[in-house]
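Please write a short report on this protein model for a colleague at the bench. Cover the overall make-up, the sheets, one helix and one loop.

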Amino acid sequence: MGRRMRGAAATAGLWLLALGSLLALWGRLLPPRTALPASRPPEDRTPRRPAVGGGGPDSAPRFPQPPFPARDPRGASLKTFRTLLTLAAGADGPPRRPPGERRRRVPDGRPRPGELAVVHGGVFWSRGLEEQVPRGFSEAQAAAWLQAARGARVVALERGGCGRSSNRLARFADGTRACVRYGINPEQIQGEALSYYLACLLGLQRHVPPLALSRVEARGAQWAQVQEELRAAHWTEGSVVSLTSWLPNLTDVVVPAPWRSEDGHLRPLRAAGGELANRSQEELVDLVQWTDLILFDYLTANFDRLVSNLFSLQWDPRVMQRATSNLHRGPGGALVFLDNEAGLVHGYRVAGMWDKYNEPLLQSVCVFRERTARRVLELHRGQDAAARLLRLYQHHEPRFPELAELAHPHAQLLQRRLDFLAKHILHCKAKYGRRPGT
């Protein structure tokens, strides 16, 4: 009996020893307790984006939760703490891409993340970028120059420095200078004057030198001291010429290299597709001004600037690497649109010949200065562009009656070109514009 009791006790002891060993081994295999959320999603699923809004203690946070970190085998939730600190520090900026993660492809029609500071609304240059554009001619400077030029006495006429050989550089009695442009026919002077006032109507006068008209009269007070020079210039008595502010230290301008393709043609200019990525501030500021130029030249049907370069590509593949005709840069960095005599009148007469270059050039641009686009859309809605241009011209130019006003067919063509441009801007906005929340 005693022997049986001792055997049973030994057997029970062995079982207890084995059970204790198993419990100890199991305890070592279990991880320590950590303060992780109770509802952890499976590792192969991305946590759902919390809904925006709501309230109370159970409302979702206003920013996406980061992926759940792996548990720390040492028992501390150190990785969770560091992740939350990182998220809090960068909550107001874009999330950083983890090392080794490939850049996501951005669908066509949406600006890339790096371009969001360059444009707003998908199709308009950012306000910050526009503020970097050099000011050019202020309204006050233009008004003061025009008032002085109309009453100034010309004391010298010199050849050179003002384009065509028939033009002259005039020096006034106070020492200031002006370019005097003499047209082969009156429509060239008329076109230049109308182009200047159209620039004013569009808010682009900062790029166009102020312009005044003058009648060449040998006995007139303005020209009395340059009789010999007038005879040498072979100007017709009574001709109307234009006086524009003479600008020293102008430099040539070449089409920006990032905009040119290898064959010399121009790449599309838009916020989507990466055309504006990795551009310097200087390049972007230039492009803001170039887009204004393209809109202006399309409206005036000016073929004597960038369009003439495009035409020359058929026999000169490097023409885009050379200076652009009638485009210069002022000392302050602003682009200056010179010699606009091919615009509106003469340009409209031959528009059918040059629009095969002008229209594709316009349609390749889908980013605009917002102020310019707003003026275009306003003139499109009002359907009164020619009437408004005429009123502005008549109000500011005393010699307005001495040149014919815009002919009715040309007035209609101006409105049609504004309508075409407005529809193009709206098309770009519909295709590339960013809506709130997208």
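The accessible surface of the protein chain is about 25300 Å². Carbon and sulfur atoms account for 54% of that surface. The model is predicted. The protein chain has 438 residues, and 43% of them are buried. It holds 13 helices and ten strands. Contacts in the chain often link distant parts of the sequence: among those between residues at least 6 apart, 72% join residues at least 24 apart.

**Confidence**

The mean pLDDT of the protein chain is 78. A score of at least 70 is reached by 72% of the residues. Confidence is lowest in helix α2 (residues 78-89), with a mean of 31. It is highest in α11, at 97. The pLDDT stays below 50 over residues 28-116. Beyond near neighbours in sequence, that stretch has 54 contacts in the model.

**The five-strand sheet**

One open sheet has five strands in the order β3-β4-β5-β7-β6, with antiparallel pairing. Strands β3 and β6 (211-215) stand at the edges. Each has a single partner strand, so one side of each is left without a neighbour in the sheet. From one strand to the next, the twist averages 35°.

Three of the pairings can be set side by side.

| Strand | Partner | Bridges | Bridge partners |
|---|---|---|---|
| β3 (residues 154-158) | β4 | four | alanine 156 and arginine 171 |
| β4 | β5 (residues 177-181) | four | arginine 171 and arginine 177 |
| β5 | β7 (residues 240-245) | four | arginine 181 and serine 242 |

Arginine 171 in β4 stands opposite alanine 156. Its bridge partner in β5 is arginine 177. How many of the five residues of strand β4 (residues 168-172) are buried? Four are, so β4 is largely enclosed by the rest of the structure. The hairpin of β4 and β5 has four residues between the strands. In that hairpin, glycine 175 takes a positive phi near 95°.

**The three-strand sheet**

Another open sheet has three strands in the order β8-β9-β10. Its pairing is antiparallel. The edge strands are β8 (251-252) and β10, and each pairs on one side only. Strand β9 (residues 327-329) pairs with β10 over three bridges. One bridge partnership sets histidine 328 against valine 336 in β10. Helix α7 (residues 281-300) packs on this sheet and touches β9 and β10. The direction of α7 makes about 10° with that of β10.

**The loop after β10**

The loop between β10 (335-337) and α9 (345-349) contains glutamate 341. Aspartate 339 lies in this loop, and so does leucine 344.

Is glutamate 341 buried or exposed? Its relative accessible area is 12%, under the 20% cut-off, so it counts as buried. Beyond residues up to four places away in sequence, glutamate 341 touches Arg164, Arg181, Glu187, Gln188, Gly191, Glu192 and His346. One of these contacts, Arg181, has serine 242 as its bridge partner in β7.

Aspartate 339 is buried too, at 16% relative accessibility. Leucine 344 is buried, with a relative accessible area of 0%.

Backbone angles add to the picture. Most residues other than glycine have a negative phi. Aspartate 339 has a positive phi, near 50°. Leucine 344 also has a positive phi, of about 65°. Neither aspartate 339 nor leucine 344 is a glycine.

**Helix α11**

Helix α11 (residues 370-382) has 13 residues. From its first C-alpha to its last it reaches 18 Å. That is close to the 18 Å expected at 1.5 Å a residue. Which residues of α11 are buried? They are Glu370, Thr372, Ala373, Val376, Leu377 and Leu379. An α-helix has 3.6 residues a turn, so residues three or four places apart point the same way. Glutamine 383 follows α11, and its phi is positive, near 50°. The mean pLDDT of α11 is 97, the highest in the protein chain.

How values were computed:
Residues are numbered from 1 along each chain as its sequence is written. This is a predicted model: local features need pLDDT of at least 70, side-chain atom pairs count only at pLDDT 80 or more; totals for chains, interfaces and linings use all residues. Side-chain values use heavy atoms; hydrogens and water are left out. Helices (H or I, at least four residues) and strands (E, at least two) are DSSP runs, numbered from the N terminus. Buried means under 20% relative accessible area, exposed over 50%, partly exposed in between (1.4 Å probe, protein chains only). Contact means heavy atoms within 4.5 Å. Accessible areas come from the Shrake-Rupley method with a 1.4 Å probe; for residues, only the protein chains shown count as cover. Two strands pair if DSSP finds at least two bridges between them. Axes are lines fitted to C-alpha atoms, for helices over the stretch in contact, and angles run from 0 to 180 degrees between N-to-C directions. The expected span of a helix is 1.5 Å times one less than its number of residues. pLDDT is the predictor's confidence in each residue, from 0 to 100.
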